[in-house]
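Please work through the following exercises with the sequence and the coordinates at hand. Each task is followed by a solution in steps.

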Amino acid sequence: MSELPVVNLTDEQLRILTLACDKTPKSLLIIGKAGCGKSTVLNALRERLNTLNIRYAVAAPTGVAAIKVGGVTIHSLIASLSKSSNVENPLRTVIIDEVSMCPPDLLDNLNNALKRHTGLKAPFGGVTVALIGDPCQLPPVVIEKSAQAEYLKDNYLTKYFWSSRAYSETAWDVIELTKIFRQKDPTFVKLLNRIRKGDTDLPARYINENLQTDRIHGVLLTGSNAYADATNLQILDSLSGKEVIVRGSKVGEFPDKDFPTMYSLPLKVGAQVMIVKNIYKDVDTLELANGDWGVVKDFDYREIDERGLEIVKDDPTGVYVECKRTNETHRVAYTAWEKKEMAYNYKTKTITEQVVGKFIQVPLRLAWAITIHKSQGATIEDITIDLRKPMFAPGQLYVAMSRGVALDRIKVLGTCRTKDIQTCPEVLAFLNGFSAGVGIKDGGRFDPKVSTILFSEIIKNAQGVQDSGNVLEVDERFLKEVRAPRIIDTPGSV
Ligand SMILES: Nc1ncnc2c1ncn2[C@@H]1O[C@H](COP(=O)(O)OP(=O)(O)OP(=O)(O)O)[C@@H](O)[C@H]1O
Ligand SMILES: [Mg+2]
């Protein structure tokens, strides 16, 4: 079942499907700003590959991202590939979502595992790969001073995927999706573009002059997990009315850290909740979308037993939620999330996805507050961004702002400091087409002095561009710079 509403794909989106399903193996890098339909294309591609009976895997760098996209972690994919060298019927296609969060060693390990899998020396073993993501969104999570951080520092120029050996040995077809669907207002799109590029002054001024508030409207997007949980429970406590615990269950392997919502979910009538999975009326019609939010109106305790008779249970069988977007009350029932691993079948000599565990719960999360990291990928119509504490990751404010659909439905608590708007210099360098020099060098170390000079030049150039002219001109120049020679010219591009 598709994870997103049925939409008419644009020509540039359709082009990706054609390239990815081509008989000749391709290495595709599919980038684009927030809300340009990357996940939508991924889902359409999955359907097309199913129809064509092409053996494929969908993977993501983290467990949470893998569950969101209905795929496996890259680690799990590598583990199963390592059990299946030189197979007769290898994978034909690998799709990676949220590639901005993929560290370079992980892509190198995948490259090597695919080469062993097919027995071919070609990049990625001659398997078509499609890396999908926005380099300006959240970066790989690497804990400072950890063994991984030290290893990456010693062996790679940056912590991003393009610093891998795999990236530099491959000829990429880079496709940039250019049409933004989530936001329609050109002023909002321009503001987002500035934040995306790390242009600090104008966006900070705009935010402070226009978006400040002293109370939460819609969903509070905050940096800290603990703060989000505490805020939710505190507000829930303050509601009068009986607290109902909606209990989840787990079958097989499903790590707690990947649960999309609480195992024992406390709710009350009046609780603000977010839908955390698409809910379909039938195969083609979406009733509620991942990211919709609303208010709990009531609990349902009824169930039809095996004799077809209605019985009343002690625990809720569903939750009635009035959805803000549809203005209607919907019954939200239990649903299952699957934890998948890739498994090698010795008999058929193939690797296939295998469901190793399930988590069953109503697809609701208390949603007065959620973290910006968890919000990546979602559309949230009404948001308040918590700027009382500084943003700590590059791209964090961009991810938060770009969840919204309209400027008059975004508010901020606190003041936007210029340092809250961060884009990694390495990301700007990459997008400016300097990627050829941004990588691993002869398997050895880069001279950091040289690369610092390179990056500072690029940043200066980028800032020079940002400081002159109006926003639209800047965007056009930026887009042109992003289109390095290898980038396929997509229909409708500037
Ligand atoms: N061709 C299209 N026509 C109409 N709407 C579309 C189209 N493609 C995508 N959308 C809509 O645009 C919104 C954003 O799409 P999607 O989530 O796929 O973007 P994304 O690039 O993955 O964003 P993010 O970077 O934030 O994850 C969704 O509501 C989606 O349904
Ligand atoms: Mg997405």
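The exercises go from the whole chain to the ligand shell, the core, two sheets and two loop residues.

The model is predicted, so local features need pLDDT of at least 70 and side-chain atom pairs count only at pLDDT 80 or more, while totals for chains, interfaces and linings use all residues. Residues are numbered from 1 along each chain as its sequence is written, and chains are lettered from A and ligands numbered from 1 in the order in which they are written.

**Exercise 1. Overall composition**

Task: State how many helices and strands the protein has, and what percentage of its residues is buried.

Solution. Step 1: Assign helices (DSSP runs of H or I, at least four residues) and strands (DSSP runs of E, at least two), numbered from the N terminus. The assignment gives 15 helices and 25 strands.

Step 2: Count C-beta atoms, placed from the backbone, within 10 Å of each residue's own; 20 or more others make it buried, 12 or fewer exposed, and values in between partly exposed. Of the 494 residues, 44% are buried.

Step 3: Take contacts as pairs whose C-beta atoms, placed from the backbone, lie within 7 Å. Among contacts with a separation of 6 or more, 77% join residues 24 or more positions apart.

**Exercise 2. The shell of ligand 1**

Task: Describe the residues that surround ligand 1 by number, class and origin.

Solution. Step 1: Collect residues whose C-beta atom, placed from the backbone, lies within 6 Å of the ligand. There are 21 of them, and the closest are Gly 37, Lys 38, Ser 39, Thr 40 and Phe 181.

Step 2: Sort by class, with Ala, Val, Leu, Ile, Met, Phe, Trp, Tyr, Cys and Pro as nonpolar, Asp, Glu, Lys and Arg as charged, and the others, Gly among them, as polar. The shell then holds 7 nonpolar, 11 polar and 3 charged residues.

Step 3: Sort by element. Helix 2 (residues 38-51) supplies the largest share, 3 residues.

**Exercise 3. The nonpolar core**

Task: Identify the residues that touch the most other members of the largest nonpolar core.

Solution. Step 1: Join buried Ala, Val, Leu, Ile, Met, Phe, Trp, Tyr and Cys residues through C-beta atoms within 7 Å. The largest such core has 113 residues, and Ile 30, Ala 59 and Ile 96 touch the most other members.

Step 2: List the surroundings of Ile 30. Beyond four places in sequence, its contacts are Ile 16, Lys 38, Val 41, Ala 130, Leu 131, Ile 132, Ile 175 and Leu 177.

**Exercise 4. Two open sheets**

Task: Give the strand order of the sheet that contains strand 21, and name its edge strands.

Solution. Step 1: Find strand pairs, for which DSSP must report at least two bridges. Strand 21 (residues 350-361) pairs antiparallel with strand 10 (residues 249-252) over 4 bridges, and with strand 20 (residues 335-345) over 11 bridges in the antiparallel sense.

Step 2: Write the order, which is 10-21-20 in an open sheet of 3 strands. Strands 10 and 20 are the edges, because each has a single partner strand and one side left without a neighbour in the sheet. On average, neighbouring strands of this sheet are turned by 25 degrees against each other, direction ignored.

Step 3: Check the register. Lys 250 faces Phe 359, Ala 343 has Thr 352 as its bridge partner, and Thr 335 stands opposite Gln 361. Between strands 20 and 21 the hairpin has 4 residues, and Lys 349 there takes a positive phi near 55 degrees.

Step 4: Compare the other sheet, an open one of 5 antiparallel strands in the order 19-18-15-12-22. Strand 19 (329-333) and strand 22 (364-366) are its edges, pairing on one side only.

**Exercise 5. Two loop residues**

Task: Decide whether Pro 90 and Gly 270 are buried or partly exposed.

Solution. Step 1: Pro 90 is in the loop between helix 4 and strand 4 (93-96). Pro 90 is buried because 21 C-beta neighbours lie inside 10 Å.

Step 2: Gly 270 belongs to the loop between strand 11 (264-267) and strand 12 (272-275). With 13 other C-beta atoms within 10 Å, Gly 270 is partly exposed.

Step 3: Add the distant partners. Pro 90 and Ile 351 are 261 residues apart along the chain, with C-alpha atoms separated by 7.5 Å. Gly 270 and Asp 298 are 28 residues apart in sequence and 8.6 Å apart from C-alpha to C-alpha.

Terms used
Contact = placed C-beta atoms within 7 Å. Axes fitted to C-alpha atoms, helices over the stretch in contact; angles between N-to-C directions.
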